[in-house]
Structure formats: structure tokens, C-alpha cells
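Visitor: Before I accept any label on a structure, I would like to hear the criterion behind it.

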Amino acid sequence: MQLLGKTNINFVGLRKYAFFLSAILVTVGAIAMVQLIRGQSNLGIDFAGGTSVQLKFEKPFQLDKARHALEINGFKDCELQQFTEGNKLLIQVKKTTAIPLGKVADKIVSIFTKEFTDNKFLVDSTTEIGPKVGKNLQHDTIIAVIFSAIGMIVYLAWRFEFSFGVAAAVATFHDVLSVLGIFHILGKEVNLLLVTALLTLAGYSLTDTVVVYDRIRENLRLRPRDPLADVMNSSINEVLSRTIVTSLTVFLVLVPLFFFGGEVIHDFSFALLIGIIIGTYSSIFVASPIVYQWRKDKKVRIRTRR
């Protein structure tokens, strides 16, 4: 499918504008990362520690009434998610409450028993995560991301050239930090579901970048005497339609998930939606131009067979 006709856009020539925009996105993302490490972000109970209780009511209930019942009993900062199917309510309380961690679930159940006398309920599940577990999850997540980056650089350095591996890793981290920064600005919660979305995005972005790199490698083999900028521009233009169609297809799948998927996956699908846009942008305007900026005055010793 050809969404665009033949294009001749000077992507490498636009690199300064792209680098400026990317610098803003990455700076915001870096600030968000620092705040995350300091524990100053809006951390979910996965990382901050806390209690999660899910109740199943016999009849439909009003979410405002449930929130009011919790607030007048000392739970002002808890998060509620209502599932209309099955009349379920998910309550998440962070460890900042004055009530000891092991007693939070019992307290919540006693509140709803007192306030919802005309609507009986069952406790579907309770989960308690201590601060130490949250810290361990943060540590394990950072280690996983570091090892992923190293593996990515080694693989692309072996397949193409070291500069390609570093540029792909930079572009991927650019995407992850950009999404994290946007989430930080919007005050959205950082939890394991977001980490899952970011790792999914990293895989997508890398695959998109490799498609462009493969075409550059083919054209370098066919046109070894042409300037590197010309080869890169023509390569990106040749795969531009395919890149946009692929991204658009994924985007269209995520849109209904964002609007109709429910509260649980709302932020997950939102992270992927903006991540697809940023990932497509970086594979076109960031990954290859970084290689060009690095290698423009030197011969690229790229592997021509793999």
C-alpha cells in the first residue's frame, strides 16, 4: 500500500530543527526521570508501596458516594476505578496514609460495610505492597532497561556499525524519555503498566529504525561513491510510505482501546498512542541524522551482507 507518492524530502538537512525539538523532549524526560528516582513523581503503589482492594457489589453504586465515604474516614488521596461490568470497585491507597499498611484493607472494608448497608459486597482481592518491594521493583526496572540498551547497541553494532547501534539506542531512549516526560507534565501515574508500555514502545521504535537502516545499507552497497547525506535521504524517502502506513495501522488499533478499553488500560494505551507518534518521528528525523552527524566526514564501514 502506497499512502504517499514518491517524495524527495531532505531529512538530513532538517536535522538541526529536529535535534532542537528532541532536546526539549529529552530534557523534560530527564527531569521526569530524576524526579522518578527521587520518588517525587506520581508513583503508583507498584513502586511507592500501598494497598489495593477490589470490591464486588450486588447492585450498581455511585462512585461519588464511594469516594465521599472514604474521604470522611481519612482516605482523601486514594484512587478509585469503577468497573460497571460486575459492579466492581478498585481502591488503591498509597503508603502515605497514617494507618499501618497491614490494616488498610480491613479499614476500607469496615468503611464500606458501614456506609453501604443497602448494597452488600464481596472482597474480590486485596494486595499489599511494602515500600521495600516498591524500591526493589524500581531497581529491577532500571537494571532491565540498562541491559536492554547494552544488548541493543551490541546487536546493531554487529549488524551495521557501532555508530548505528549508538544512534538507535539514543533514538529509543529519546522515545522513552519523551513519553515519560509527557506523563510527568500531565501528572499521570507511573506504574508497572506504564513500564510495560515503554518497553513495548522501545521494541517498536527499534524495529522501525532498523527498517530504515536496512535500506541505507542496501543503498550504500549500490551507491558507494554517493555522499552519505544523499544516500540517507533517498533511503528514508523510499521507506517513508511504509513507515507511515505501519504506524498509522498501529495507531488506529490503539484509538478504540484508548476510548473504550476502560480505566485499567487507559493510560497504557495513551502511552502507546503518543509513543507511536514520537517513535515514528525519531526513526525518520533522529536516528539516521545522528549517524550522519557522527560519520559525515568519514567512510561508513557498514556490513553489506547479513
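The conversation below takes the labels in turn and sets values against their definitions.

Visitor: What makes a residue eligible for discussion here?

Guide: This is a predicted model, in which local features need pLDDT of at least 70 and side-chain atom pairs count only at pLDDT 80 or more, while totals for chains, interfaces and linings use all residues. Residues are numbered from 1 along each chain as its sequence is written, and side-chain values use heavy atoms, with hydrogens and water left out.

Visitor: How do you know how many helices and strands the protein has?

Guide: Helices are DSSP runs of H or I with at least four residues, and strands are runs of E with at least two, numbered from the N terminus. By that rule the protein has ten helices and four strands, and their order from the N terminus is α-α-β-α-β-β-α-β-α-α-α-α-α-α. The C-alpha trace spans about 80 × 40 × 35 Å along its principal axes.

Visitor: Why are β1 and β3 called paired strands?

Guide: Two strands pair if DSSP finds at least two bridges between them. Strand β1 (residues 50–57) and strand β3 (residues 88–94) have seven bridges in the antiparallel sense, so the criterion of at least two is met. Within this pair, T51 has V93 as its bridge partner, V53 stands opposite I91, and K56 is matched with K88.

Visitor: What makes the other strands part of the sheet?

Guide: Five bridges join β2 to β3, which run antiparallel, and in β3 the residue opposite Q81 is L90. On the other flank, β1 and β4 are joined by eight bridges, again antiparallel, with Q54 standing opposite S125 in β4. The result is an open sheet of four strands in the order β2-β3-β1-β4.

Visitor: Why are β2 and β4 said to stand at the edges?

Guide: Both β2 (79–83) and β4 (121–129) have a single partner strand, so one side of each lacks a neighbour in the sheet. From one strand to the next, the twist averages 15°, where axes are lines fitted to C-alpha atoms, for helices over the stretch in contact, and angles run from 0 to 180 degrees between N-to-C directions. Helix α3 (residues 63–71) lies across β2 and β3 and runs at about 150° to β2.

Visitor: What makes β1 largely enclosed?

Guide: A residue is buried under 20% relative accessible area, exposed over 50% and partly exposed in between, using a 1.4 Å probe and protein chains only. Seven of the eight residues of β1 are buried, so β1 is largely enclosed by the rest of the structure. Strand β3 is mostly covered too, with five of its seven residues buried, and across the protein buried residues make up 46% of the 306 residues.

Visitor: Why is T243 called buried?

Guide: T243, which lies in helix α8 (residues 228–260), has 3% relative accessibility and therefore counts as buried. Contact means heavy atoms within 4.5 Å; leaving aside neighbours within four places in sequence, T243 is in contact with D208, T280, S283 and I284.

Visitor: Why are T27 and I153 called partly exposed?

Guide: T27, in helix α1 (residues 15–37), has a relative accessibility of 46% and so counts as partly exposed. I153, in helix α5 (residues 131–159), has 25% relative accessibility and therefore counts as partly exposed. Not counting residues up to four places away in sequence, I153 touches F162, G165, V166 and A169. As for distances, the C-alpha atoms of I153 and L222, 69 residues apart along the chain, are separated by 26 Å, and those of T27 and S234, 207 residues apart along the chain, by 31 Å.

Visitor: How do you know what share of the contacts joins residues 24 or more positions apart?

Guide: Among the contacts in the protein with a separation of 6 or more, residues 24 or more positions apart account for 79%.

Visitor: What atoms supply the area that the protein exposes?

Guide: The protein exposes about 16,300 Å², and carbon and sulfur atoms supply 61% of this area; accessible areas come from the Shrake-Rupley method with a 1.4 Å probe, and for residues only the protein chains shown count as cover.
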